[in-house]
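Hi everyone, thanks for coming along. I'd like to take you through a structure I've been looking at, so let's put it up on the screen.

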Amino acid sequence: MKQYWNEVQPIDSFYSVMNGIIHDHDRKVISFLYQPLMGVVCTNLYMTLAYMVEENRLWSEEWNHYHLMGLLDLNLDDIYHARLKLEGMGLLKTFVKEAEGHRIYIYELQPPLSAEQFFTDGMLNIYLYQKLGQTHFLKLKRAFSDMSINKEEYSEVTRSFQDVYTSMSIQALKNFEGQQHSSSDPDMRYIHREKTETIQISADSFNFDLLLSGLTTAMVPRKAFTATVKDTITKLSFLYSINEMDMQKVVLSSMTADDKIDLDELRKAARDWYQMENDDQLPQLVNRKQPVMYRESDGAGVSKESKLIFYLESTSPRQLLIDLSEGAQPAMSDLTAVEEIMLGQQLEPGVINVLIHYVMLKTDMKLSKNYMEKIASHWARKKVKTVKAAMELAKNEHRQYQTWANEKNERTQKRKTPIRTEKLPDWFIMQEQEQPDAQSKTPAVENDKDFEERRRKLEAIQRKYRKDGGEKGGKH
């Protein structure tokens with residue numbers, strides 16, 4: 001059974017719900033600002049769910065996913081993954097309950113950020129800049145802004161309410177209060193505009209205790225770390241891959257004379273730190289490295305697996321793709337696919353490295369986005385955070401992953417062709433090789449010169465951790 005069928009099936013029904021009114025301006029924000037980050041399929045799904053709700057209503061009629069597949073002309077797998085991306089973007093909340101023979105979902109649409117919130121978000125705006133480039137980004141920014149009128153030369157003559165209207169009689173007030181009590185219904189709520197929630201990065205991804213351990217109260221008073229400051233630090237840490245030790249310097253450089261942390265200076269210091277570390281380039285998800293709190297190897301291990309774990313933890317996905325190509329820059333389509341999966345599934349860079357390593361060998365050195373997304377969504381649900389955990393899960397679920405790969409091959413190959421014995425990454429069989437007494441369950445590898453030539457690229461990076469105790473891996 002396909003992976004997404006464990007989550008949703010065509011017979012499952014759903015209601016589309018509006019969490020507040022979505023205006024035409026919101027649709028423009030989604031089309032021009034969100035769509036470049038999440039793709040047109042996600043935009044179509046969001047708009048379709050919104051149009052299912054009639055005007056001046058909050059709930060739609062009951063639909064099922066088979067109807068949704070027909071409306072969008074998409075298969076359920078595409079709809080499911082588009083739903084996950086909308087959830088990650090903060091545009092959708094999903095609720096489910098079990099019914100007889102099927103499930104019932106509530107898809108609650110969330111209003112997007114305003115244009116001002118988006119362009120000052122400190123994370124989404126930077127990803128949009130990187131995606132579109134400076135010229136297109138500035139053009140969009142101008143499209144969502146206008147000149148303000150200087151009102152300092154004018155005098156306000158606006159009348160107050162009491163200047164225009166008179167008070168009501170006592171009898172009229174009594175009649176109104178009586179009707180209010182008799183007609184109140186606790187199950188009803190007014191249609192209104194809900195407050196938009198910004199994208200939240202989990203506080204677990206940053207160790208504030210470690211940050212504070214290197215900052216005395218004389219340097220930075222603890223009261224300076226307000227909820228807003230902590231949220232900003234967490235986002236900057238995620239965006240620029242700044243660990244707790246480096247963040248101490250960033251925080252110190254943003255202190256004001258009255259012992260407060262200036263948020264604008266904090267963002268500027270983080271950006272300056274990143275550009276110094278990365279040759280003046282703005283951040284992309286594919287440039288991030290495994291956060292320190294999720295690393296399990298320091299490069300001192302003697303086993304091949306330990307050295308490989310250290311390499312995958314200390315290397316960005318972009319650098320891994322460069323190493324696989326022996327120094328050549330990876331294709332933009334590959335970088336985009338990896339970045340979309342990282343953003344949609346919220347997987348750590350080291351875990352993405354394991355995924356790239358595994359998928360490229362399983363798909364004849366091609367970076368299959370659909371295959372990666374299936375495995376990535378499984379790892380996201382399993383809350384995989386470390387390189388070692390990703391390796392272990394790949395080993396345990398190998399049979400299921402092979403089924404998904406075979407399904408793809410069967411769709412693309414209708415005629416009979418010689419079947420090559422499956423290839424596996426070295427870390428998949430490393431433990432058996434290092435323990436001679438263990439019984440190997442790995443299939444025999446057929447001699448295939450063409451495939452081995454492609455596999456040689458993967459072996460090139462493995463030589464990096466075999467030589468010099470894995471020291472080369474730490475340079476990335």
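Let's start at the loop that joins helix 8 (161–164) to helix 9 (170–183), because that is where you'll find Y165. Please keep in mind that this is a predicted model. Y165 belongs to a nonpolar patch on the surface, together with F161 and V164. Taken together, those three residues have about 360 Å² of accessible area.

How far can we trust the prediction? The mean pLDDT of the protein is 78, and 72% of its residues reach 70 or more. Two stretches deserve some care. Over residues 432–448 the pLDDT is below 50, although in the model this stretch has 19 contacts beyond near neighbours in sequence. Residues 468–476 also have a pLDDT below 50, and there the model shows 21 contacts beyond near neighbours in sequence.

Now to the aromatic residues. How many aromatic pairs does a search of the whole structure find? The search turns up nine. Let me show you two of them.

In one pair, the ring centres of Y34 and F118 are 5.3 Å apart and the planes are at 70 degrees; planes over 60 degrees apart count as edge-to-face, so that is what we call this pair. The pair links distant parts of the chain, with Y34 in helix 1 (residues 24–38) and F118 in helix 5 (residues 115–119), 84 residues apart. Y34 and F118 are both buried.

Y129 and F137 make another edge-to-face pair, with 5.3 Å from centre to centre and 75 degrees between the planes. Buried or partly exposed: which is Y129? With a relative accessibility of 26%, Y129 counts as partly exposed. Its partner F137 has 7%, and the cut-off for buried is under 20%, so F137 counts as buried.

These two pairs also fit into a bigger picture: Y34, F118, Y129 and F137 form one aromatic cluster with F119 and F144.

Last stop: V41, which sits in helix 2 (residues 40–51). The relative accessible area of V41 is 31%, so this valine is partly exposed, since that label covers values between 20% and 50%. Which residues does V41 touch, leaving aside neighbours within four places in sequence? They are L74, D78 and A82. As for R83, its C-alpha atom is separated by 9.5 Å from that of V41, and the two residues are 42 residues apart along the chain.

That's my tour. Thanks for listening, and I'm happy to go back to any part of it.

Note on methods:
Residues are numbered from 1 along each chain as its sequence is written. This is a predicted model: local features need pLDDT of at least 70, side-chain atom pairs count only at pLDDT 80 or more; totals for chains, interfaces and linings use all residues. Side-chain values use heavy atoms; hydrogens and water are left out. Patches are made of residues with over 30% relative accessible area and no salt bridge: like charges are joined within 9 Å, nonpolar side chains (Val, Leu, Ile, Met, Phe, Trp, Tyr) within 5 Å. Accessible areas come from the Shrake-Rupley method with a 1.4 Å probe; for residues, only the protein chains shown count as cover. A salt bridge is a side-chain nitrogen of Lys or Arg within 4 Å of a carboxyl oxygen of Asp or Glu. Helices (H or I, at least four residues) and strands (E, at least two) are DSSP runs, numbered from the N terminus. Buried means under 20% relative accessible area, exposed over 50%, partly exposed in between (1.4 Å probe, protein chains only). Contact means heavy atoms within 4.5 Å. pLDDT is the predictor's confidence in each residue, from 0 to 100. Rings of Phe, Tyr and Trp (its six-membered ring) pair if their centres lie within 6.5 Å; planes under 30 degrees apart count as stacked, over 60 as edge-to-face and the rest as tilted.
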